[in-house]
Amino acid sequence: MGADHTRSAPPTPPGVRRILVVTVVPLFLVTLIAALVLWPTDAPRPEAADDTPRHHGTVTRVVTETCPPNPAVPEGTPTTAAGPCGTVTVRVQDGPDAGQEVQTPIPAGPGAPRVSTGDEVILVALFDPEDPSISTYNIAEHQRGTPLIWLAVLFAAAIVAFGRLRGLAALAGLAASFGILLTFVLPGISAGNPPLLVAIVGSALIMFVVLYVTHGISAQTSVAVLGTLGSLVLTGLLGLIATRATHLTGFGSEDATTLSMFRADVDLHGLLLAGIIIGSLGVLDDVTVTQAAAVTELRHANPNFSRRELYRAATRVGRAHIASVVNTIILAYAGASLPLLLLLTADSRALGQIVTSEFLAQEIVRSVVATLGLIAAVPLTTALAALVTTAGQQRGRVGGDPAGPDDDDDSRVSRPATDRAEALHALSTPRTRNTSTATPPGWPDPDRSTDTTW
C-alpha cells in the first residue's frame, strides 16, 4: 500500500454519484438530527472541586536522612522501609509566597513522586485549622505541562512533515473527534441519555466529519463511510448480543464501581457497549479506507479487471490487513490491562473461574466483538468499492469488442484481430529452406525442421 492514494481517480459516472449522494446525505442528516435531539442541555455540573491551593515551584535542594524508628512497631520486627525521609527546599513560583523558598518533607508512600534538584513540582498549601495564617506546603506531583506541550508539538510536526496537506487534514479530524467526544458523547452519557445510542450517534458524527475532512469528498470516501457505518451498526448489535449472553453488568472494573458511586443514574451496561463501539471506530475507518483505496488502485493498475477480479484481489489485501489488525487490538487491550493481567498470576482460583469472572470476561467480549466488526468491514467495503469503481464504465477489449455491462469473467484482453487475406497467404506460401551446403559442423541436418518450440 505504498501507492499514493491522493492522485485523481477516474471520474465517477453521474448515475453512481447520484446514488451515493441519495444514500449518504440522508444518513448524515439523520445523524445530525439525532445528535441535536440527544444534545445534552441539562448535563449535571461537576461537583465543587477541592479548593486546596495549588502552586508551581522549583526544587532547589534535597536533603535525605535516616528515618526515625516507628514506636508503634515492636523492636526486632522486620518491616519495609517507610522512607525516604528528609526535606526538600522548593522555590515557590506563584501565590502569596512567590519568590520565597519553603521546606517540605520528601514525598513518601505508594505512588509518591521522586524529586531531585531542578524538578518542576506542584505544591499544595495546608493551613492550620486553629490559625489559618500558618501554612505548610507538601509536594503533590510533578509539573507535566511543558513536556506534554513539546510532545504535542513533535506529534503535529511529524504528521505535517510526512503527510503535508493530508497531515493537516488529519490533525483537523483529530481535533474534531475530541471536540465531539468532549461536547456531545461524554456530557450526553452524564446527562442520563442511553449510552449505546449516544455512542452510535457520536461515532457516526465523528466518522462523517473525520473521513470527509481527512480524505476529501469523493466516491472512494463515501464508500469508506458506508462501510464504516454498516460495520459500526453490526458491532453494536454483536456487542448487545454478547453482553446479554454472558450476563455482563458493566461493573467489571474499579473505575465503573467508582463511577456508580458518583453517578448512580449512569447505565454501566450501556456504557460498556458504548466503549466497545467508540474503541472500534478508529480501527474500523482504517480498514474501510484501506479497502476502498485498494480497489481504486487496482482499478488504476488494470482497467480491464472485472468486478469479481477487483473484489478477489482487494479481499486478499484485506485478509493480510485484518491478520495484523487483530493482533494490534489484542495487544492494545493487553497493554491497557497489564495490572489486571498481573492480578491473575496472584489469584489462587482455578483458571476457569478466573476467565469466566466478570472483570476478565468483559475484556474478552470487548476484544472478540471488535474483531468481528473489523472482519465484517472488509467484504462489505470491498464489495461496495468494486460496485462503485466499475459501475457505468464500459470495459472495452483491446481488439475492439466492447464488453457488456454485466460481463464479469469474460472481460479479459483478447488478441488483436488478424486480416483474413494475410492469414491465407501465410498458410499457402511454402516454407523456404536454407540451401547452402556450407553447413557448420555440429548443426542439425538442413532437411530436418529447426523450428523452435517457443
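These legends describe close-up views of a predicted model.

**View 1. The whole chain, with 12 helices and five strands.**
Start with the full chain before zooming in. It has 454 residues, and 32% of them count as buried. The chain exposes about 28000 Å². Carbon and sulfur atoms supply 63% of that exposed area. Now look at contacts between residues at least 6 apart in sequence. Of these, 68% join residues at least 24 apart.

**View 2. The disulfide between C67 and C85.**
How many disulfides does the model have? The count comes to one. The sulfur atoms of C67 and C85 are 2.0 Å apart. A pair of cysteine sulfur atoms counts as a disulfide within 2.5 Å, so C67 and C85 qualify. The torsion about their S-S bond is about 105°, so this disulfide is right-handed. C67 lies in the loop between β1 (54–65) and β2 (85–92). C85 lies in strand β2. The pair therefore ties together parts that are 18 residues apart in sequence. Is C67 buried, exposed or partly exposed? C67 is partly exposed, with a relative accessible area of 29%.

**View 3. Helices α3 and α4 cross at roughly 165°.**
Two packed helices are described by the angle between their axes and the distance between the axes. Here, helix α3 covers residues 165–190 and helix α4 covers residues 195–215. Their axes come within 9 Å. Are α3 and α4 roughly parallel or roughly antiparallel? An angle over 145 degrees counts as roughly antiparallel, so α3 and α4, at roughly 165°, fit that label. The crossing of α3 past α4 is right-handed.

**View 4. Helices α1 and α5 cross at roughly 50°.**
The axes of α1 and α5 come within 11 Å. With that crossing angle, α1 is oblique to α5. The crossing of α1 and α5 is left-handed. Which residues meet here? From α1 come L20, T23, V24 and L27. From α5 come A219, S222, L226 and L229.

**View 5. T31 in helix α1.**
Stay with α1, which spans residues 14–38. Is T31 buried or exposed? T31 counts as buried, at 9% relative accessibility. Buried means under 20%, so T31 meets the cut-off. Which residues does T31 touch? Leaving out residues up to four places away in sequence, T31 touches V201, A204, L205 and F208.

**View 6. A292 in helix α7.**
Helix α7 spans residues 268–301. A292 counts as buried, at 2% relative accessibility. Find its contacts next, again leaving out residues up to four places away in sequence. A292 touches Q220, V223, A224, T381 and A385. Now compare sequence with space. A292 and V388 are 96 residues apart in sequence. Their C-alpha atoms are 9.8 Å apart.

**View 7. A314 in helix α8.**
Helix α8 spans residues 307–336. What is the relative accessible area of A314? The value is 0%, and A314 is buried. A314 touches Q291, A294, V295, L298 and T382, not counting residues up to four places away in sequence. A314 and A293 are 21 residues apart along the chain. The C-alpha atoms of A314 and A293 are separated by 9.2 Å.

**View 8. R164, a residue with a positive phi.**
Most residues other than glycine have a negative phi. R164 is not a glycine, yet its phi is positive, at about 55°. Where does R164 lie? R164 is in the loop between α2 (145–163) and α3. R164 is exposed, with a relative accessible area of 65%.

**View 9. H247, another loop residue with a positive phi.**
Phi of H247 is near 55°. H247 is also a residue other than glycine. H247 is found in the loop between α5 (219–245) and α6 (254–262). Is H247 buried or exposed? H247 counts as exposed, at 66% relative accessibility. Exposed means over 50%, so H247 passes the cut-off.

Methods
Residues are numbered from 1 along each chain as its sequence is written. This is a predicted model: local features need pLDDT of at least 70, side-chain atom pairs count only at pLDDT 80 or more; totals for chains, interfaces and linings use all residues. Side-chain values use heavy atoms; hydrogens and water are left out. Helices (H or I, at least four residues) and strands (E, at least two) are DSSP runs, numbered from the N terminus. Buried means under 20% relative accessible area, exposed over 50%, partly exposed in between (1.4 Å probe, protein chains only). Contact means heavy atoms within 4.5 Å. Accessible areas come from the Shrake-Rupley method with a 1.4 Å probe; for residues, only the protein chains shown count as cover. Axes are lines fitted to C-alpha atoms, for helices over the stretch in contact, and angles run from 0 to 180 degrees between N-to-C directions. A crossing is left-handed if the near helix is turned anticlockwise from the far one by less than a right angle, and right-handed if clockwise. Angles under 35 degrees count as roughly parallel, over 145 as roughly antiparallel, 65 to 115 as roughly perpendicular and the rest as oblique.
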